[in-house]
Amino acid sequence: MEKRVFFKGWWLPALLVAPQLLISFVFFFYPSGQAIWNSLFLPDPFGLKTEYVGLDNFRFLLSDPYYLASFKTTVIFSTAVSVSSMALGLYLAALADRLIKGAGVYQTLLIWPYAIAPAIAGVLWLFMFNGNIGLASYYLKALGYEWNHTLKGDQAMFLVILASSWGRISYNFLFFLAGLQAIPKSIIEAAAIDGASFWKRFGTIVIPLLSPITFFLLVVNIVYAFFDTFGVIHTITSGGPEQSTTILVYKVFSDGFVSQDLGSSAAQSVILLVLVGILTVIQFKYIERKVHY
Amino acid sequence: MVEKKKSGYWLTHLGLILGVLFIFFPVWLTFVASTVTQDAIIYPPLPMLPGTEFFENYANALFRGSPEGYGAKVPVIKMMMNSAIMAIGITVGKIIISLLSAFAFVYFRFPFRNLCFWLIFITLMLPVEVRIVPTYEVVANLNLLNSYTGLIFPLIASATATFLFRQFFMTIPDEMVEAARMDGCSPMRFFFDILVPISKTNIAALFVILFIFGWNQYLWPLLMTTDPDMRTIVMAIDSMIPTGDDYAHWPTVMATAMLAMVPPVIVVISMQKFFVKGLLESDK
């Protein structure tokens with residue numbers, strides 16, 4: 001789509017796009033290029049000189065059991081976060097959509113956690129599950145279940161999934177509610193007159209009509225789980241115990257800044273870059289489709 | 001609502017109330033913990049109702065930090081200021097540069113227009129976390145560590161807002177420009193007197209989303225700031241919880257957590273209409 005009418009001249013528009021282009025180059029293109037460049041080199045242990053190693057960093061990574069484990073952790077983590085927060089969001093949205101009065105009140109009560117930083121959400125849940133003083137771990141102990149997420153990997157995983165999904169419910173709720181309210185009531189009523197029960201209508205009309213938004217949310221939530229959850233993991237587990245909650249972006253951070261393994265960290269950045277690129281292309285394919293509706 | 005069964009109606013409310021409770025519960029506990037003494041916390045279970053230490057704990061958190069011997073001592077008033085400066089800097093910066101560039105893309109034809117558009121468009125996809133190490137080096141080389149400029153500018157480099165304004169400008173009828181040009185209106189006059197005023201709702205919507213995005217930044221300030229005076233509240237809270245066997249001074253920590261949540265939550269609730277619009281249209 002293009003405007004038919006426009007202003008003449010080229011120096012003014014050049015001036016207008018200059019700030020954004022400049023910032024993009026300095027803080028985006030140059031660092032991204034740098035990441036790709038660094039991924040082909042290996043600094044010696046003293047950081048005095050670097051040696052060109054081609055794709056060795058990548059080859060090393062893909063045979064490194066820790067990196068592969070981190071891949072698996074990321075897949076489990078992001079699937080669990082996306083599915084659980086979407087399921088709860090859809091559940092609450094479906095309920096709110098049934099109400100004629102009061103849906104707005106529930107919307108207000110449900111959406112504000114979007115404003116809570118993942119790191120703060122992490123602190124909140126860490127406090128509840130703290131091995132010595134946490135309320136949740138206290139009652140779990142009373143029930144005979146030993147909670148110690150600083151030692152047990154699966155408990156740590158559960159806790160970071162819980163904290164990451166909790167803050168994400170509001171986002172999914174809002175999108176699902178908007179999607180549900182966009183479905184014409186006449187279709188639902190027609191089905192009801194024909195004798196379709198609530199669940200039948202939900203399964204055969206609502207879910208298919210929601211599928212584009214569900215797909216969109218899935219991609220966006222995976223991107224969220226890949227990157228934005230850094231704060232949750234850093235505050236609750238710092239990637240531990242024994243790397244059981246080290247997702248890919250956390251490994252870029254810990255290898256790059258904590259262990260100063262720059263070549264490997266750069267190669268990991270490039271792999272992440274490719275992954276996000278793929279996800280984004282998928283997402284835009286969806287947006288194109290939405291335009292054609 | 002098709003059927004009207006009494007039981008279904010109450011079950012709907014019950015389901016929603018359970019959801020609301022699940023959402024509220026951790027925050028309620030945090031609030032309770034921020035109003036009691038350290039002893040009430042370290043001998044569980046924690047009471048369910050607020051205690052009497054509200055003013056004491058919040059005054060501690062704001063002006064003094066945790067008492068001696070409990071992890072890092074960080075009075076958070078300064079950090080809230082830093083967070084506010086960073087959040088508003090990112091918000092205003094992004095809105096200004098994207099209004100300008102969207103205006104150029106929609107209302108002008110200039111050489112390399114498509115190339116420029118794609119260059120900016122690509123930045124839509126990559127979060128700062130992916131290119132964190134080299135971005136850090138750039139900022140370090142520019143001597144911008146521990147500065148507001150260094151906190152703000154790298155996070156402005158994203159195209160979400162540009163894309164949104166571009167889409168909005170596309171929907172403005174061409175007659176507007178025609179009329180303006182016929183009256184001899186210069187491009188910049190058109191921009192300031194017509195385009196910016198009719199974009200008000202979109203600007204407000206983006207303001208909410210970007211303010212939250214800016215306030216909640218974690219990894220970037222964590223790397224950028226080594227000077228305690230430059231820390232933001234969201235990242236500083238981590239240093240208040242010592243690792244290992246040391247105790248954190250939980251009432252202060254929890255008061256800090258509350259203080260870190262309050263500003264963005266107020267923005268969301270008070271500008272709810274714009275927030276919903278901004279979220280549904282920009283997604284980030």
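Which residues of H11(B) are buried? Helix H11 of chain B comes up at the third stop below.

This is a predicted model, in which local features need pLDDT of at least 70, side-chain atom pairs count only at pLDDT 80 or more, and totals for chains, interfaces and linings use all residues. Residues are numbered from 1 along each chain as its sequence is written, while chains are lettered from A and ligands numbered from 1 in the order in which they are written.

**Chain B**

Select chain B and colour by pLDDT, the predictor's confidence in each residue, from 0 to 100. The mean for chain B is 85, and 93% of its residues reach 70 or more. Where pLDDT is low, the predicted coordinates should not be read in detail. For the complex, the predictor gives an ipTM of 0.88 and a pTM of 0.90.

Switch to cartoon: chain B has 15 helices and zero strands. Helices (H or I, at least four residues) and strands (E, at least two) are DSSP runs, numbered from the N terminus. The C-alpha trace of chain B spans about 75 × 65 × 30 Å along its principal axes.

**The contact with chain A**

Next, show both chains. The contact takes 81 residues from chain A and 78 residues from chain B; two residues are in contact if their C-beta atoms, placed from the backbone, lie within 7 Å. On the chain B side, helix H1 (residues 6–33) provides the largest share, 11 residues.

**Helix H11 of chain B**

Select residues 200–215 of chain B. Helix H11 has 16 residues and reaches 22 Å from its first C-alpha to its last, close to the 22 Å expected at 1.5 Å a residue; the expected span is 1.5 Å times one less than the number of residues.

A residue is buried if 20 or more other C-beta atoms lie within 10 Å of its own, with C-beta atoms placed from the backbone. In H11(B), 12 of the 16 residues are buried: Asn202(B), Ala205(B), Leu206(B), Phe207(B), Val208(B), Ile209(B), Leu210(B), Phe211(B), Ile212(B), Phe213(B), Gly214(B) and Trp215(B).

**The nonpolar core**

Keep Val208(B) and add Ile120(A), Trp125(A), Val249(A), Phe103(B), Ile237(B) and Ala257(B): of the 164 residues in the largest nonpolar core, these seven touch the most other members. Such a core is a set of buried Ala, Val, Leu, Ile, Met, Phe, Trp, Tyr and Cys residues joined through C-beta atoms within 7 Å. Helix H4 (residues 76–107) of chain B gives the most to this core, 15 residues.

Finally, centre on Val249(A). Leaving aside neighbours within four places in sequence, Val249(A) is in contact with Phe226(A), Phe227(A), Phe230(A), Leu272(A) and Glu129(B).
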